[in-house]
Amino acid sequence: MKNNLPIILAIDTSCDETSVAVVQGQKVLSNVVASQIDLHKQYGGVFPTVAKQAHKDNIEPTILAALKRSGFTKQEIDYLAVTRGPGLAPALEIGIQKTLELGKVWNIPVIPINHIEGHIISVLNQANSKTKKVEIIKPQLPALSVIASGGHTEFILMEKIGEYKKLGATLDDAAGECLDKVGRLLGLGYPAGPVVEKLAKNRDPKSHPFPLPMTTSKDYNMSFSGIKTHSRKAINKLEEADKLDKNTIADFCASLQYGVFRHIIYKLDKLLSENTVKEIWLGGGVAANQSLRKELRKIAKKFNLKFRTPYSKKLCGDNAAMIGLAAYYKTQAKKNFTAKSIDRKPHWSIENI
Ligand code: KG4
Ligand code: ZN
């Protein structure tokens, strides 16, 4: 413990990134991400047994790198934190096993963290990337967190840090998953989300109109499978007509992105019209997308709300710093952590943490 702030080493192996971070209070000292993207590219998605082996291979060197970059030694670490779920079961296992092992050897407590809570909390770290100075954020609550990633698309209400209520979620694919799958049909590789954004820049989002799903449903749930089916049909048609050239693909990407985000915004608008919140937060891999950020800024302005999103792209995608930050808040709320064994929870709901 330095300056009364706990030093936490956090590990996330929920999907296809092995990540280890060291945080001190709300300050991120290191955040190392060993990506497996190149290994999974050939499958066009995450292959569980390959992910498990890669986590096994990467975890030791990633821990050493994160410690080294943080400037602290293992003797100075006060807590360990690990993602318990949701995520890929064989992948989660590796991180949990290793963290518990370290907890025993270093004789320090292990704090289990929900991955989605990590994405939510990631917006509270407003450390200046140049000066490394941390601004302590005191959010106005309740806040509505929009999580958009490869595995999740959810609206989560937060009255208090650590207490969450899911107001709506996708009933099938996640927004990032939809971009990835349609992108794959367009031959854009894996993950396609960032490529779709790049190609969509300055192209026409109205060139290939998409249906707006679930406009008659009264809830705040979403569904991206219709957008996927519509895309498949439209792409087949373009291919048959020999019209799927570079420019058409770029226009299609702009339209797809617009279609996916319009659905989120439509439901978010309904939610904000019917509920009172003070801030809107955006987290998860898709939060790196500038168009989505712009749309959320617009809606925040419309409802006169403060908008927050992670200051760096690295805090949007899967990373362990967000797990360390979530753990820091837990240390402030509860002083004793006694977990000796932690079972993985691949479908752990944010409402039951
Ligand atoms: O949060 P994340 O790293 O992993 C999960 O927990 O799922 O999110 C990964 C997802 C992928 O679907 C990827 O295509 C998408 O985030 N993504 C993007 C962008 N960067 C990553 N989607 C759209 N625009 C981006 N710039
Ligand atoms: Zn994630």
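Me: A polar contact is a pair of N or O atoms within 3.5 Å; within protein, one must be able to donate a hydrogen and the other to accept it, and residues adjacent in sequence count only if both atoms are side-chain atoms. How many residue pairs are in polar contact between domain 1 and domain 2?

Reply: 4 residue pairs, with both residues at pLDDT 80 or more.

Me: What are the ground rules here?

Reply: This is a predicted model: local features need pLDDT of at least 70, side-chain atom pairs count only at pLDDT 80 or more, and totals for chains, interfaces and linings use all residues. Residues are numbered from 1 along each chain as its sequence is written, chains are lettered from A and ligands numbered from 1 in the order written, and side-chain values use heavy atoms, with hydrogens and water left out.

Me: Where are the domain bounds?

Reply: Domain 1 is 7–125 + 313–352, and domain 2 is 143–308. Such bounds come from an automatic or database domain assignment. The two centres, taken over C-alpha atoms, are 27 Å apart.

Me: How many residues are in contact across the two domains?

Reply: 23 from domain 1 and 23 from domain 2. Contact means heavy atoms within 4.5 Å.

Me: And what area do they bury?

Reply: About 1900 Å², with 71% of it on carbon and sulfur atoms. In domain 1, I120, V123 and C316 lose the most area to domain 2, together 27% of what that side buries. Buried area is the accessible area (1.4 Å probe) that two parts lose on being put together, summed over both.

Me: How many salt bridges between the domains?

Reply: The count is 0. A salt bridge is a side-chain nitrogen of Lys or Arg within 4 Å of a carboxyl oxygen of Asp or Glu.

Me: Which elements give two or more residues to the domain 1 side?

Reply: α1 (37–41), α4 (115–121) and α10 (321–333). The largest share, 5 residues, comes from α4. By class, that side has 12 nonpolar, 5 polar and 6 charged residues. Helices (H or I, at least four residues) and strands (E, at least two) are DSSP runs, numbered from the N terminus. For the classes, Ala, Val, Leu, Ile, Met, Phe, Trp, Tyr, Cys and Pro count as nonpolar, Asp, Glu, Lys and Arg as charged, and the others, Gly among them, as polar.

Me: How many salt bridges does the rule give in total?

Reply: 17. One of them pairs the side chains of R84 and D343, at 2.4 Å, N to O. The two sit 259 residues apart, R84 in strand β4 (residues 79–85) and D343 in the segment after α10.

Me: New topic. How do β2 and β3 run?

Reply: Antiparallel, with 8 bridges joining β2 (residues 17–24) to β3 (residues 27–35). Two strands pair if DSSP finds at least two bridges between them. S19 has V33 as its bridge partner in β3. The strands form a hairpin with 2 residues between them, and G25 in the turn has a positive phi of about 60 degrees.

Me: Which residue other than glycine has a positive phi?

Reply: N107 is one, near 55 degrees. N107 lies in the loop between α3 (89–106) and β5 (110–114).

Me: Where is a peptide bond cis?

Reply: From L141 to P142, with omega near 5 degrees, and between Y190 and P191, with omega about -10 degrees. P142 is in the loop between α4 and β6 (143–148). P191 is in the loop between α5 (175–185) and α6 (193–200).
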